[in-house]
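What follows is a guided reading of the structure shown below, to be taken slowly and with the coordinates open alongside.

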Amino acid sequence: VFTYVVSGLQVSSDLALPGLIPSPNPHGAADVAIRAGNVPPALEDGGIRGLNWQMAGDRFLLTIPGILRMLLTGGREIRYQAEGDAELRDAAIFVSGTGFGILLHQRGRIVLHASAVQVRDSAVLFCGPSGAGKSTLAAALVDRGHALLSDDLCAISMTPGGRPLVQADGRQLKLWDNAIDRLALTERRADPVRGRLRKFYVEPRVATAAPLTPAAIYMLREARPPHPPGIVRPSLVDGATMMRGNAYRPSLVRRMDQKDLYFRAAVAIAREAGLFTLTRAMNFADMPAVIGWLEAHWRETGLLERAA
Amino acid sequence: LRRIIWLASYPKSGNTWFRLLIANLRAEQPVDINDLRGLGGIASSRVLFDEQMLFPAGLLTHEECDRLRPCIYEALTRGTDPLVEPGQTDTVRFIKTHDAWTRTGEGKPLLGGRDVASGAILIVRDPRAVAASLAYHSHQTTDETIAFMANPQATFCGQTDRQHNQLRQQLPGWSGYHRSWLGQRDLPLHLVRYEELHADTAGTLQRALAFAGMAVTAHEVAQAVRFADFAALQEQERAKGFREAPPEPQGHFFRRGLSAGWRDELTPEQIARIGAEHAGMMARLGYGPARDTGPIDVPALRGAVGLGSRAVLPASCSPCCRPGRAASGSSRRRPQVWRRFGSGWRCIPSAGLFGVAGCRPRIHASRPVGRGPRLVRPASRGGSAGRCARWRPACRSARCACNRRSPLMRCCGGVASPA
């Protein structure tokens, strides 16, 4: 059995999940159990049915056709079964990524589609849908010495005092070959995320497992009319709507009646940190310039002076 | 249930302009070119896939992804469309696609079959104009673009070392692309030529919408034509930019908007190369062969395919026309006529429009005659009584040298054209 710490949760799994942080306390009680087992192709008690998923009560069934079926129960258990003769090793990324993301939605966490790095003693998040450039930007910042906090999935929990806290999530970055090449990270390239993909785990130069207060959340956009390049602070309502749109699965926020939860979190985060849009050309040549804007922005907002 | 109509085209063939025309039909003021949310998006959208499946397409190979794509579109028609706001009530949903008509490994059409879409509007444009436009938009040389257009393995977003913003789209060459759509027998198809859209925007739009089963008034069409006038679109782009423009300073999407602007952008060698590589499909779609550099006479073209006028062809376009024999200056002309053969109609002579390469139809004049003939589609050919009552006449004469089915000879989809 493998044990990991994901988003502050102790996870025990009978499937090796590369890219996650191994638990420093392997014998601790598990918050989430991941195990192989029988997963029915459909839930009997109806519920809401999507194309390849079904949600009934506290159970969520998701099929990755031809690869894997997962049954998520109460935010506590992920039971998985390979579809056909699919290789489980090839399916791990769907459990640790998609499966865990939906499980966090189930637990009522604020879960953003984001990568995060540490800037001084705070967390800075970059949100966007698949392909928005989250991991690439995080990788470039890690290269500048900012520790990696999480990649692709970012869970925010609220302290009893109502302050947001970002939990570390990933130990490794996930990058496509082209980005690895352009960022000169070939030496840090580890196994492929799936056997047949040219997307690889990449060992970050620095990473952290400590929970941090978010200081800024940037929502990534490509610079195309009518959005000019730059960093802009949207109105609170716009920012809150955008943040909900950057939930790991926005449609689940709606279906799980969590709109309100996300709005309140966005307000708390906007007060505590800042919600911004970061609009830039999506090419590697402009990456140094974008990092320049970010560092200038951090100086402006006092983030770089906030050092302990 | 919403009906999907695919707006299929090879890139740079007028798809965006056509969509802007549709978007402006019922707008109170000209639609912002950067705000086309009301339209159905593009079939190869990554967000559409990820939001439906709840796992990222980026974790699949292109082939694995293709296998699942038909289900995505099936789900759209069941009303589980995550990108449509509740309350949006239009019954026809136009979705753009640059995907060739292909089938998955399991034999399903990639875009789903008849239960997904009720038809497709295929927008075509002279490949020489496409080459000039595509080269400009893709930052490639014209020669590279011409090679891309001749490559049966070509794709958009098809690399494997990165994640593209869209799902892979197969574009098996300009000819292969159109062959795939014209050859499919799953969906009724309506053909729109870019050149025709230019020459008669309102009429072309109205016919396409009638095919799609969308009832529009003449006023709405006139307004769309005015709001999405090419100059007006250029003005909007000048004022505030266009999100689909090539990412370059001063790169413009609405560039020239000419039917025949390629003449001063391609070299004679390039024109000849395109003509040679795509001769068959160009002839089939009514684009003059390489050596024909005269302007395309659109009303006459329409006449020649039976859309309401009768074309008069020079004698050189009679069935005796052979490859390599250009039209001479012969003054002997004879009219093109439609004749009934058994249960169908045939045009004689007809090598003019769909003739072999090298035949140079010069359409001298046209005069209006009545509508095309009405026929009941026989059940033996997939028709169902009461659904469809109109075939367009076609060039299928045994004596015709081209002996090709006209791409326009398609079932109208059971939608009555405006009488």
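Two strands are counted here as paired if DSSP finds at least two bridges between them. The model is a predicted one, and every value in this account is computed from it.

With that criterion in hand, a convenient place to begin is a hairpin in chain A. Strand E10 (residues 110–119) of chain A is joined to E11(A) by six bridges, and the two strands run antiparallel; along this pairing, Val117(A) stands opposite Val124(A) in E11(A). The hairpin of E10(A) and E11(A) has two residues between the strands, and in it Arg120(A) adopts a positive phi near 55 degrees. Most residues other than glycine have a negative phi. Arg120(A) is not a glycine and yet has a positive phi of about 55 degrees, and its place is in the loop between E10 and E11 of chain A. With a relative accessible area of 43%, Arg120(A) is partly exposed.

The strand that follows this turn is covered along its length. Strand E11 (residues 122–127) of chain A has six of its six residues buried, so it is largely enclosed by the rest of the structure. In a regular strand the side chains alternate between the two faces of the sheet. In E11(A), Ser122(A), Val124(A) and Phe126(A) point one way, while Ala123(A), Leu125(A) and Cys127(A) point the other way, and all of them are buried. Besides its pairing with E10(A), E11(A) is joined by six bridges to strand E18 (residues 213–222) of chain A, this time in parallel, and the bridge partner of Ser122(A) in E18(A) is Thr213(A). Beyond E18(A), in the loop between E18 and strand E19 (230–232) of chain A, lies Pro226(A). Most peptide bonds are trans. The peptide bond from Pro225(A) to Pro226(A), by contrast, is cis, with omega near 5 degrees.

Stepping back to chain A as a whole, its secondary structure comes to seven helices and 20 strands. The radius of gyration of chain A is 19 Å, close to the 19 Å that the globule rule gives for 308 residues, so the chain is as compact as a globular protein of that length. Its C-alpha trace spans about 55 × 45 × 45 Å along the principal axes, and 56% of its 308 residues count as buried. Among the contacts in chain A between residues at least 6 apart in sequence, 62% join residues at least 24 apart. The accessible surface of chain A comes to about 12600 Å², and 50% of it belongs to carbon and sulfur atoms.

Chain B offers a sheet that can be traced strand by strand. Four of its strands form an open sheet in the order E2-E1-E3-E6, with parallel pairing. Strand E2 (92–97) and strand E6 (189–193) of chain B stand at the edges, each with a single partner strand, so one side of each is left without a neighbour in the sheet. From one strand to the next, the twist averages 25 degrees. Within this sheet, six bridges join strand E1 (residues 3–9) of chain B to E2(B), the two running parallel, and the bridge partner of Trp6(B) in E2(B) is Ile95(B). Helix H1 (residues 15–23) of chain B packs on the sheet, touching E1, E2, strand E3 (117–124) and E6 of chain B, with its direction at about 145 degrees to that of E1(B). Helix H3 (residues 62–77) of chain B also packs on the sheet, where it touches E1 and E2 of chain B, and its direction makes about 135 degrees with that of E1(B). In the loop between E1 and H1 of chain B is Lys12(B), a residue other than glycine whose phi is positive, near 65 degrees. Unlike the partly exposed Arg120(A), Lys12(B) is buried, with a relative accessible area of 16%.

Which residues touch the most other members of the largest nonpolar core? Among the 118 residues of that core, they are Leu112(A) and Trp6(B). Helix H1 (residues 92–106) of chain A gives the most to this core, with eight residues. Leaving aside neighbours within four places in sequence, the contacts of Trp6(B) include Ala43(B), Tyr73(B), Ile95(B), Val116(B), Ile121(B) and Trp181(B). Apart from this core lies another, of 37 residues, among them Ile33(B), Leu209(B), Ala212(B) and Val221(B).

Key:
Residues numbered from 1 in each chain as written. Chains lettered and ligands numbered in written order. Predicted model: local features only at pLDDT ≥ 70, side-chain atom pairs only at ≥ 80, totals over all residues. Heavy atoms only, no water. Axes fitted to C-alpha atoms, helices over the stretch in contact; angles between N-to-C directions. Contact = heavy atoms within 4.5 Å. Rg over C-alpha atoms; globule rule 2.2 N^0.38 Å. Buried < 20%, exposed > 50% of the residue type's maximum accessible area, 1.4 Å probe, protein only. Areas by Shrake-Rupley, 256 points an atom, 1.4 Å probe, with all protein chains shown as cover. Core = buried A, V, L, I, M, F, W, Y, C linked by side-chain atoms within 4.5 Å.
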